[in-house]
Amino acid sequence: MPDRLVVVGASLAGLRACEAARKAGFEGEVVLVGAEQHLPYDRPPLSKEFLAPASEAAATTLRTAEDLAEKGVELRLGVRATALTPSTDADRPGGTVTLEDGSGSSEELAYDALVVATGAHVRTLPDVPELAGLHYLRTLDDARAIEAALVDGARVVVIGAGFIGSEIASAGVKRGLDVTVVEADETPLRRAVGEQMGVRLAAVHDDAGTRLLRATTVARVLADADGKRVAGVELADGTTLAADLVVVGIGAAPTTDWLDGSGIELDPRDGGVVCDEHLATSVPGVYAAGDVAAWHNPLLGERQRLEHWTSAAEQGGAAGRNAVAAMSGQEGTAYATVPYFWSDWYDHRIQMVGWPRGEEVALFVDTEHPARWTALYREGDRLRGALTLNGQGVIMKFRARLMKGGDWQDAVAFAEQKTGPQVGLDQAREDR
Ligand code: FAD
């Protein structure tokens, strides 16, 4: 009997896990199970090129069915895992996963090793009925529906000024639509980039002509007289904003409902699957990767869960390799990373490496192109993170420095040389 690797979640991390297993020489069965009907596809374009004016609904498929068949990956699309039952034989890790394809019948699929790559799903507003014109964005189907609703003259309200909400706002503005973003915090993206740089990123919206309402909460989503279509939102102070399209971008939560009762430990902070530095979960033979995984990052010395493309891809590969190693009794390798993400707003690219931590943020601005800047985060004499606007040429150089421990003086000298002089944060605001 050959060994069987089952990967649950047919998106970026799951795909990379399958491919890494094959690359590592695994000759057993590889089964990739995905709840969506679509072939594995890329999500970042869904809030960018896909919504851009005159976009030809950019293709986002990552691999064709033929590619996967050639690699010996058995693809089970439109199939949801509903339970995981580990084996009770302590000498032989493995178990079964219950699968349902929507036809009413279920199947028990045995695994020798399994990778949990079920990602995340959108957080929804409580107590809001389903209405035409009210959307969330996580899947290709969501993006298609939003794209179809971004019609001439549509009044758009985006709830949440996070990265995805900001990208949707950018797409609306680029189409010449009237866009209002409602953000509960006084400073958007405070957690992702810190207070000072959150203020500076918010200014990118102001400069683009997007109305960004800070420290403002939505009390109710309003429906039309028939109660079928969205009509707008009512803010906590009673003001109403009329809208033809309301898109909610208030974050995502790890998808772990199907692991209830499996014995897999979840992080009490946000429900991610707890993993060690090898991406191994608390159940032998089960690994996790991508947005769902809360793993111990040796570079940080702490557990963290990222919702970034790069870490999902890398973790998928690492989990696939380690699952294969475990099946042949080997230990595998630890996965450590300096986090990286990007986001595209209007004609700008935002990129961040590392952690928005420390006692100081230093800002360096290109004197000829003020829309090109680098912010560095200092903790003691160490660089902890770097955030750039239109700094594609330098950002990875800071990532490399962070991987080597990040000497602060060296990072400052590099930023001065490659971006421009350091400016005070207040002065930078006045000069915008
Ligand atoms: P996901 O992509 O969430 O995939 C999980 C898959 O598992 C889904 O297909 C789901 O249907 C399936 N699944 C869930 N439960 C089950 C089950 N029980 N059984 C079977 N299948 C199941 N990151 C960046 O760094 N930069 C960006 O610019 C950027 N833009 C983004 C834009 C959008 C609109 C979105 C949604 C995300 C963006 N991201 C970006 C984040 C990035 O796309 C994610 O980090 C990445 O997709 C995570 O991959 P994943 O495979 O872990 O999970």
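**A ligand, two sheets and a ring pair**

Student: Which residues come nearest to the ligand in this predicted model?
Tutor: Happy to start there. The ligand has 33 residues around it. The ones that come nearest are Glu36, Arg43, Lys48, Arg138 and Asp291.

Student: How far is the polar side-chain atom of Arg43 from an oxygen atom of the ligand?
Tutor: Let's go through three polar contacts. A polar backbone atom of Ala35 is 3.0 Å from a nitrogen atom of the ligand, and an N or O atom in the side chain of Asp291 is 2.7 Å from a ligand oxygen atom. For Arg43, the partner is also an oxygen atom of the ligand, and the distance is 2.6 Å.

Student: What share of the ligand's exposed area does the protein bury?
Tutor: Begin with the ligand taken alone, which exposes 1,000 Å². Of that area, the protein buries 94%.

Student: How many residues of the shell around the ligand are nonpolar?
Tutor: Elements that each supply at least two shell residues include helix H1 (12–23), strand E2 (29–34) and helix H7 (309–327). Strand E4 (80–86) and strand E22 (340–345) do so as well. By residue class, the shell has 7 charged, 9 polar and, as nonpolar, 17.

Student: Why is one side of E4 left without a neighbour in the sheet?
Tutor: Good one! E4 belongs to an open antiparallel sheet of 3 strands, in the order E4-E5-E6. E4 and strand E6 (106–111) stand at the edges, so one side of each has no neighbour because each has a single partner strand.

Student: Which residue is the bridge partner of Thr98 in E6?
Tutor: Strand E5 (residues 95–100) pairs with E6 in the antiparallel sense, over 6 bridges. In E6, the partner of Thr98 is Glu108.

Student: In the sheet E18-E20-E21, which residue of E20 is the bridge partner of Val273?
Tutor: This open sheet has 3 strands and mixed pairing. Its edge strands, each pairing on one side only, are strand E18 (273–275) and strand E21 (302–304). E18 and E20 run parallel and are joined by 3 bridges. The E20 partner of Val273 is Ala293.

Student: Are the rings of Trp295 and Tyr335 stacked, edge-to-face or tilted?
Tutor: There are 6 aromatic pairs in the count. In this one the ring centres are 5.4 Å apart and the planes meet at 35°, so the pair is tilted.

Student: How many residues apart are Trp295 and Tyr335?
Tutor: Trp295 is in strand E20 (residues 293–297), while Tyr335 is in the loop between H7 and E22. The pair thus links distant parts of the chain, and the separation is 40 residues.

Terms used: Residues are numbered from 1 along each chain as its sequence is written. This is a predicted model: local features need pLDDT of at least 70, side-chain atom pairs count only at pLDDT 80 or more; totals for chains, interfaces and linings use all residues. Side-chain values use heavy atoms; hydrogens and water are left out. A residue is near a molecule or strand if one of its heavy atoms lies within 4 Å of it. A polar contact is a pair of N or O atoms within 3.5 Å; within protein, one must be able to donate a hydrogen and the other to accept it, and residues adjacent in sequence count only if both atoms are side-chain atoms. Accessible areas come from the Shrake-Rupley method with a 1.4 Å probe; for residues, only the protein chains shown count as cover. Helices (H or I, at least four residues) and strands (E, at least two) are DSSP runs, numbered from the N terminus. Ala, Val, Leu, Ile, Met, Phe, Trp, Tyr, Cys and Pro count as nonpolar, Asp, Glu, Lys and Arg as charged, and the others, Gly among them, as polar. Two strands pair if DSSP finds at least two bridges between them. Rings of Phe, Tyr and Trp (its six-membered ring) pair if their centres lie within 6.5 Å; planes under 30 degrees apart count as stacked, over 60 as edge-to-face and the rest as tilted.
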